[in-house]
Each structure stands twice: as structure tokens, then as C-alpha cells.
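Welcome! Here is a short briefing to help you find your way around a structure you have not met before. Take a look at it first, then read on.

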Amino acid sequence: MKTMKLVLCSLGLTLSLALWGQGEPGIKGHHFEDEHHHAKREKKPHLDSTYLKHFKQSEIQDPAVVNRFTRRFINAVGGSATGLIGRVAGATVQGGMVSFRGLNPRYSTVTVNGLATPVTEQNIKAFSLGLLPSDAIQAMEVYKGGYYANYGEWGGGNINIVSTADIAGNYLDVSFGLTFQNNFTFNDFVKPQYWGEDFGNFFGYGKDNIDVTRKIVGVDEFQELDRNGAAEQARMIQNTQGIETVTAGPGFDLSIGFGHIFSDNGRANFLPSTPQPFSRIPSRIAVNRARYNNKTTDENGTVTNSEITSFLTDGIYTETAQLEATSQWFYRINENNDINLALTYSHEGSMISLIRYFVGIRDQKDVFGGSIGLIAKQVFMGRLTGNHGLADNLDLSWSLGVGTFNRDEPVLNRFGAQRPLRDQGTESPYLLIIPESSKADVGGTFNSDLNDNTLGGRIDLGWEAIDNRLTLRAGVLFDRLDRDFAARLLTTAKDDFTAPELTTPRLSALDTIFQTENYGPNGYTMIDGTSEFESYNATNDNFAGYLGADFQLGTDWKFSLGGRLENFNQNLDTGIDTIQVDNQVTEFLPSVNLSYVGHSRLAVKAGYSRSLNHPAFRELSPFTFYDFDYRSDIQGNPELQSGVVDNFDLSLEVLFGRNNEYFAVTPFFKRIQNPIEMKYIIRSESPLFSFENAEQATIGGVEIEFAKFLGSSAGLRNLLLSGNITFTDSRIELPEGTQEVASERPLQGQVPLIINAGLTFISDNQRTTATLAYRYVGRYLFSVGDGVSTFPWYEMPRNYLSASFSQRFGNFKLTLAATNLLNTRFAQFEDADLDGKVTTSGVDNEVQRGLAYQTFHLGVSYSF
């Protein structure tokens, strides 16, 4: 019987019509078991010992080091992709970006149905899992060891998300939640006056209406204009400089999802709706920053004292609206052939308002300033997958994917007003700083538009040559990424023709001083300071093929052996003949895994694999972006080379006890050739963050993971204690000609200690659940310095505590959640004496300290 399924999505609503057959598509040779009969939408399974065993059993049977989340387990525990990743040993998630084994997020790879996802972050090579709707995830694999059929670019972990259409019952769900942040909700904050004027702003849209480049001429033509011609162009730009103080309300999320299965002879299939299609969350972070200079040294050149030259306090206010939608079609041709189409859309609009109080000790200035603007991100991914049984022992699976990613900053205004430091605490007014030349920090307006388009496909073939003994696998893959990026820097400026009353206006006139009538022959002009580096076009082309075999040796031994050939071509066109990027890498990537599984309760694994790590376009482009947070420029390096990673893993995994608790210990070692690091450079105009290749890095460590029910008596049998600890140690080899003084140091971004622990309670009637979770992230090297003019910066350790509670009352469900209960501060220190110890008292200097405050969420849902 042929079957078909349709899902229609609209704002806050998901309408689903379905005709279906049993089963689900596999991917790249791995097959998640068919659990349709466990996946009833209206009743989640109980997370008891059965599910704990189910969660670990498929992992212990795999010869590679892997965490596997099947649809059955996801329905049991619920949660998003970031929540599932938090259950993996050595994994941390910050801002939606995932790190494994303490490595920088650039070493984590995320694929959907075996195909690459875009880079969604501006300064870090990473994909934010927060942009992926929860119900786009029907199963997930996390490989921390290599496997020849997996994507070849990774270093810490390889995440593959499987998106298929599957439910087992009709449903109608309604949910609503409120979010409160301590020391912010119901308090005042500063926002741009224009934000909220348009209806679309409520949903995070409306960027086109405030785009500063919408009506003016292009860069080349603008820069040919005289000062009055430039002023006329400025008169066409909407005034978005005004700010206002408002009271922060609670954040909220809303969902109305419903679906219906139309069954033909008892056969059906369907994807559940997005559980949180719309949310609007305000938040606040407080940050203090400082700079130091005039360092004194002893006879050995070691710094003994530093002089603070400036310090500041930032209040960073963000209001983020996110709209999500998923839609999936499933078509079963017959028992051996099926096709699935998955469509995912996510839009995120963030109003970001940074208000700054700055004290310059050296120049005796008291400055009030700000950076206010909008960032809009939009992701669309489409995946068409198929699975075909060509013969009894021969299977073919394939995937085709398209995607787009857009990151737009239509307007980012930066202003400053100053007065003499001696007037601090008085009624003396702040006077706006109106520059006379192009400025990125004060008086500048920044605009950028980034567009990525992706296209990819893969074919995977599996042949069980000897029943239950030998499976041969082969596959090919292609993916392409095209990027167009353009930025623009415009500055309102004064000159000799500007009327005196406009040269030093008061801060109180910020919302009116930049009106159109103040531009002209006797007013302001505008300078287009866009450089030739502020736009580029780039492409990545990746061709890969693999061949491998999986062996079952006797009853207890498994062995996999394979190789992958990757050809990667990266091109970046800056428009300047002397600065072009043309990186071509062809690499053979072997993979070997051996495992012993005794009585399905003990596994010993050993593996070796080679992988790659390529630079991101942003790391290569010579485009300079002024980071208002750090008061520094960020610039790419066209000379960066791809890294090669050798991965060694050894693992012992044990299931024990009547309740199938588990314990695992996994030593690992990595050698990275040409690792990419971020460095800090002092220049005459402003400090600079850039990127460079080190010669080689080595990383060794061990992961320890466990889960144990606390007893068998009433109460204790409902408590599950779980946790994982990851220790790592890294060493870097510096290239010849390095400017660094230190002869040995850790790899930039490598976290040496990560601890995750959790205590979970689930009542016998499954209606009450509670979780207490703890996370520790150790001190790590944030950026590299040369030890003479700049010094290494270290991110200090952090402790996090969160809790959640849920209670069912019939069809109602009440949820409570709290994060950052310890009100953990984050801090960065400058290691001035280069001893790598970073003491809070002594010659090392605190360059940043911040606080995000506790956040609380209250939610209620009803299932019809």
C-alpha cells in the first residue's frame, strides 16, 4: 500500500495530515531500530531501568565510541538537541554551540541526515543547535571516535541528527510559558526608540525597514561624492539613533500544535509539531572590563606590576524573538522502499542594546556610550532521503539537501558622550562626540549582510556479504557552500562648515540631533569608511568517498576497517588580486575500530581515525570588524591552512546491577597538525584579535561516566544519580619565527576539566519528575599573546547549578525550571607573568568580569 503524509505549518499552529506505513529511513549505513509502537504522543514512556538499558545497549554494541539517542529515548526524556547533548560525557553547550572533550567549538561538526549544516556564528566556526526546532530531531548520534562512513571534518565530536516523520496517535497540544530573570524582569533597561514601531518587530522581523543602506547609493559612488552630496545621501537614512528607557517584562513562549492521522488499513505516519514555535525572551548581562599598561619587569623580564589605564561597566540588554516551523512528508512505496522529505525553518531576531560607562584614567575622561542594533538570523534546511532494499542483503540509502542561512545587521549604531573625569558625580552634562573622520567605535553606523547557500548529496550502499558476519559499505558525498558577504561603515561627521551648535551637542539631544534637517551645507556630512576588504565571495566544495567493512568475529568480537578520501576546495575572493584564498586539500582518512562485547554487559573498545579541520571564511577574510565589547578589531588571516587530526580512543563500558546501571572510562589522545588559534595583538590604532596556525598540538585525557540508582527501597529506587568527568591536558608546538616568549603552553580554547552531575527523581506513577544538575567548566586559555606587548588571557572556572520540576494533573502538566542558581560570575584574567597559573591576587590582571543572573521558567501545557 502506498502511503503519504502532509504537514502544514503556520505561526503558532501546526496542521498535520498523514497517511503512513511502518518503519523509518535509516542513514549512512546505521539503522535506528523501529520503535513506532513505543512512540505514542499522548503518553511518554517512563525513564526507568528499561530505558536506561535501552539507552546504553546500542552504544555498547557499536565498535566505535558513540552516544546514540533513539526516538524511543527522546520521547522518554524529552528536551531539545542541547538538552540531549548535555547527557554526553565531556560535552558542554554554551550559546547553542557544542564543545567536546574541552576542545573549541570549531572542532565539533553537526550534520542533518548526513549532510553539513552552515556556520551560524560570526566569530566562531560553529552551528548553533538553538536554531534547530526540537521536533526536527527524531534521532541523534554523537561520535567521539572515528567511523569511516561519517563526515570527515571533526576533531572533538561528530553529531548527526536524523529527521524523519513518525508518530502513533492524534493529538492537540497547547502550551504557554513565562520566563523571569533575577535583577532584570520588571526593572528598567535601555532600548532603541524605533524597535517596536512595526508589527513585525514583535516577531523579530522588520530589518528591511531600518536598513541604513536601503535608499543610498553604493560604496564606490558614495565615496566619489563631495561633502554636500554625502550629506544629501545621509538625509535619506532613517534616524535610528534615539534611545529610551522601558521596563522589562517577563519572556514568554507559546505553542498550539495539532495533528491527525488518516489511516489506510491501519497504516499511518506523521511528524509532531514544533513544541515551541514562537518565543520572545528578554535578558540582561552585566560586564566590567579593564585595560592595563606601563608594565614593570624584573631583571629576568618577568612582569612584576601593571598600571590600569581604563575601566568600564557594560549593561547588555537583549530581546530575542524566535519563530520555528517544521514540516515533513513520508512516502512508503513498499516494504523495502521509502522516501522522507523534511523541511525546517527558524527565524531569530535579536535587539541588542549595550550601554557603557567608561572611565579613562590616563586621559581623564568620563564617557557614556552605547552600541545598539538588530541582528536577524534565518535558517532553512530541506532534506530528501530514501532507503531501498535492493536485495535481501543489499541496502541503498541516499540524501539530498539544500539550505540557506542569512545573518543580517541592518543597523548597528555606536555613540559616545564625554565629560572631564573631574566632573564625575556632578550635574555637568555629557557632550556627544561627533567625529571628523570615519570611526567604527564612536559615531559609526555598521551594516552587514551575510548569505549562505548550501547544496549537498550522498549515496550509501551496504551489502551483508556473510550473514551476521561481514558487511561491506561504500558511499560518496558532495556538498557545496556559497557565501556572499558585504559590510558597510557610515559615520556622521562634522567639519569646518558645521554650525557651532551642532559640534558639541548634549547627550540629551541624541534622539533629535541626527534628524535629516541637521545634515547639509551648514550641518553634518556623512563619511563612507567602507574599505575594499569589507565584502567577499567564497565557496567550499567537498567531494568524498569511502569504502569499509564491518566484521563480527565469533560471538564477542567486532572489527571495522575503512578509509575515506576527501577532496576539499576552498576559495575566497576579496576583489583584490593580491589577496585571494585558494586552499585545496586532498587527504586519505583511515578508520579502525576493534571491540570486545561480553554477554552484552561489558565492552572494551579501541580505535584510531584521522579527520580534518578547515578554517572558516570569517577566519580567512581580511575584513576588519570592530568588536565594541572588547574595544578591539577582529580580522581574518588569508594564510591559514587546514588542520589534520589523528584520534586515538580506548574505552571500557560496563552495564551492572539488576537495574542496568553503567560505568565507562575512555582514555583518548589527539594530535593536531596546524591547529587554528585566536591571538591578541597590540597596534597603535586599536588592539586586534586575529587567527594563526600553530605547528602542532597534542591532547591527552580521560572521560569517566556513570549512572546508578540509589537503592531498591521505596523512594530510593526512583532516584538516579548520573555524571561524567573529563580530564584533558594539551601542549602546543609553536612554529619557527614565533613572537611568543613562552616556550610551552596549552592549546587555545582547550578546557582541562569538565564535570557534569545530575540527580533525577521520577515517581512510580510517572506524574512527578524532578532534576538537579551541576556543571563545572575549568580554566582555559581564551586568547594567545606574545608575552611582550600582549599577554595570554584565561577564562576562569565556572560552576553552574540548575533544577527542574514537572507535575501532571490529568491532561495538564505544570513545569518549573531554574538555571544559574549559583549566580555564577564569568571572568577573564591576563597572565602577566606568563606562569600559566593565573592568580587572582598578584601581578595577573582581571580584564573582564560579568554576571548573567538566575533565570526561572514557569510553564503549563494541556494535551487533548
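Of the contacts in the chain with a separation of 6 or more, 73% are between residues 24 or more positions apart. Please keep in mind that this is a predicted model. The points below begin with the whole chain and then turn to one sheet and one residue.

**The chain as a whole**
- The chain contains 7 helices and 43 strands.
- It has 864 residues, and buried residues make up 56% of them.
- About 34,500 Å² of the chain is exposed, with carbon and sulfur atoms supplying 55% of that area.

**A sheet to look for**
- One open sheet is built from 5 strands in the order β3-β8-β9-β6-β7, and its pairing is mixed.
- At its edges you will find β3 (66–69) and β7 (115–116), each of which pairs on one side only.
- Strands of a sheet pair through backbone hydrogen bonds, and they can do so in parallel or antiparallel fashion.
- Strand β6 (residues 108–112) and β7 run antiparallel and are joined by 2 bridges.
- For T111, the bridge partner in β7 is A116.

**A closer look at T344**
- T344 belongs to strand β16, which covers residues 337–360.
- Is T344 buried or exposed? T344 counts as buried because its relative accessibility is 9%, which is under the 20% cut-off.
- Beyond its neighbours within four places in sequence, T344 is in contact with L132, P133, A136, A325, T326, V379, F380 and M381.

Notes. Residues are numbered from 1 along each chain as its sequence is written. This is a predicted model: local features need pLDDT of at least 70, side-chain atom pairs count only at pLDDT 80 or more; totals for chains, interfaces and linings use all residues. Side-chain values use heavy atoms; hydrogens and water are left out. Helices (H or I, at least four residues) and strands (E, at least two) are DSSP runs, numbered from the N terminus. Buried means under 20% relative accessible area, exposed over 50%, partly exposed in between (1.4 Å probe, protein chains only). Contact means heavy atoms within 4.5 Å. Accessible areas come from the Shrake-Rupley method with a 1.4 Å probe; for residues, only the protein chains shown count as cover. Two strands pair if DSSP finds at least two bridges between them.
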